[in-house]
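User: I would like to learn how to read the features of a model, taking them one after another. Please begin with the way its elements are named.

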Amino acid sequence: MLSSSQGKLVRNGEDKKAVICIEGNIASGKTTCLEYFSKIGNIEVLTEPVSKWRNIRGHNPLGLMYQDPTRWGLTLQTYVQLTMLDRHVSAIAAPVRMMERSIFSAKYIFVENLYRSGKMPEVDYAVLTEWFEWITTNISMPVDLIVYLQTSPQTCHERLKKRCREEEKVIPLEYLESIHQLYEDWLINRTTSPLSAPVLVIPADDNLEEMLHRYEENRDKILPPSHAS
Ligand code: TTP
Ligand code: MG
């Protein structure tokens, strides 16, 4: 439930709960990271609403966007923005919430990439930007920590090929390189979009076993003291 505080809509009585967003390139291992932490008690884990992006009332805006980004980029990104907003404002069910991505990366990384690569018309970009600015001005979506799973685009490309999501078969290495550069500029070089939370960088090119070990090692840095080991 939303109520109003200092001009912004806020979730009722939930301001003391910690919100941690897991960020990184496509196939960087965000879902695996979240699955690892879901085994620890008292944490609410929200994976990305990607199944919704693949099926809204029988339509597949994700697939359409990859087939023709200029025509369908606005359609997909409008829906991504709505589903991410819904995640941010939903009632938190535990003292700690960990979520896959955020409304911020949908805009700062994916919308930005479509626009900069010339695939999104300027008017579509302007409409999405107006929506995004209205939302972030009027709705409180606090984030306490961003965990950045830092990978090389090559690693993501290999993982994508293995994973074989039908819509993603058309993704070339160059696409992952552009997403990677936008992430680096946002979270490391800090030259592009604003940052509203501290960033913890976790190198994420290694195999599954090593990554699980690394999550365990970083557990105390990721979780608040109440959840540290
Ligand atoms: P990801 O958010 O990268 O999720 P993932 O499950 O592929 O990542 P991981 O393996 O790390 O768990 O992307 C899901 C798909 O949605 C991917 O094809 C990229 C696409 N996408 C957009 O096109 N626009 C967006 O704004 C977002 C957030 C994703
Ligand atoms: Mg995922």
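Analyst: Helices (H or I, at least four residues) and strands (E, at least two) are DSSP runs, numbered from the N terminus. This is a predicted model, in which local features need pLDDT of at least 70 and side-chain atom pairs count only at pLDDT 80 or more, whereas totals for chains, interfaces and linings use all residues. Residues are numbered from 1 along each chain as its sequence is written, chains are lettered from A and ligands numbered from 1 in the order in which they are written, and side-chain values use heavy atoms, with hydrogens and water left out.

User: In which loop is Arg57 found, and what is its phi near?

Analyst: Most residues other than glycine have a negative phi, and most peptide bonds are trans. Arg57 lies in the loop between α2 and α3, and its phi is positive, near 50°, although the residue is not a glycine. Accessibility is read in three classes: buried means under 20% relative accessible area, exposed over 50%, and partly exposed in between (1.4 Å probe, protein chains only). Arg57 counts as exposed, at 81% relative accessibility. Asn42, in the loop between α1 and β4 (43–46), likewise has a positive phi, of about 65°, without being a glycine, and Asn42 is exposed at 54%.

User: How many residues of α5 are buried, and what covers them?

Analyst: Twelve of the 14 residues of α5 are buried, so the helix is largely enclosed by the rest of the structure. The buried residues include Phe104, Tyr108, Lys107 and Glu112. Packing is read from contacts, where contact means heavy atoms within 4.5 Å; the cover over the buried residues of α5 includes β3, α3, α4, α6 (122–138) and α8. For its length, the expected span of a helix is 1.5 Å times one less than its number of residues; α5 should span 20 Å, and its end C-alpha atoms are 19 Å apart, which agrees. Just after α5, Gly118 takes a positive phi of about 80°.

User: How many residues has α8, and how far does it reach?

Analyst: Helix α8 (residues 173–188) has 16 residues and reaches 21 Å from its first C-alpha to its last, close to the expected 22 Å. Among its buried residues are Tyr175, His180, Asp185 and Trp186, and the buried residues of α8 pack against β3 (18–24), α3, α5, β6 (145–150), α7 and β7 (199–203). Just after α8, Arg190 takes a positive phi of about 55°.

User: Which residues does Lys52 touch, not counting those up to four places away in sequence?

Analyst: Lys52, found in helix α2, touches Tyr79 and Thr83 under that condition. The C-alpha atoms of Lys52 and Thr83 are separated by 8.2 Å, although the two residues are 31 apart along the chain. Lys52 is partly exposed, with a relative accessible area of 37%.

User: How should I read empty space, and what volume has the largest pocket?

Analyst: Rolling a probe the size of a water molecule over the atoms shows where empty space is left. On a 1 Å grid over the protein atoms alone, a cavity is a set of points where a 1.4 Å probe fits but cannot get out, and a pocket is an open set with protein on both sides within 12 Å along at least five of seven lines; lining residues have an atom within 4 Å of a point. Grid points are joined across faces, edges and corners, and a volume is the space filled by probe spheres set on the points. The largest pocket has a volume of about 690 Å³. Of the 34 residues that line it, the closest to its centre are Ala27, Lys30, Glu100, Arg163 and Arg165, and α4 gives the most to this lining, with four residues.

User: Which residues line the largest cavity?

Analyst: The structure holds one cavity of 30 Å³ or more, and the largest cavity has a volume of about 60 Å³. The lining of this cavity consists of Cys21, Glu23, Ser102, Phe104, Tyr108, Val143, Ile146, Trp186, Pro194 and Ser196, with β3 and α5 as the elements that give two or more residues to it.

User: Why is Cys156 not in a bond with Cys33?

Analyst: A disulfide is a covalent bond between the sulfur atoms of two cysteines, and here it is counted as a pair of cysteine sulfur atoms within 2.5 Å. The sulfur of Cys156 is 14 Å from the closest cysteine sulfur, in Cys33, which is too far for a bond. By this rule the count comes to zero disulfides. Cys164 is in no disulfide either, the nearest cysteine sulfur, that of Cys156, being 16 Å away. Cys156 is buried, with a relative accessible area of 0%, whereas Cys164 is partly exposed at 44%.
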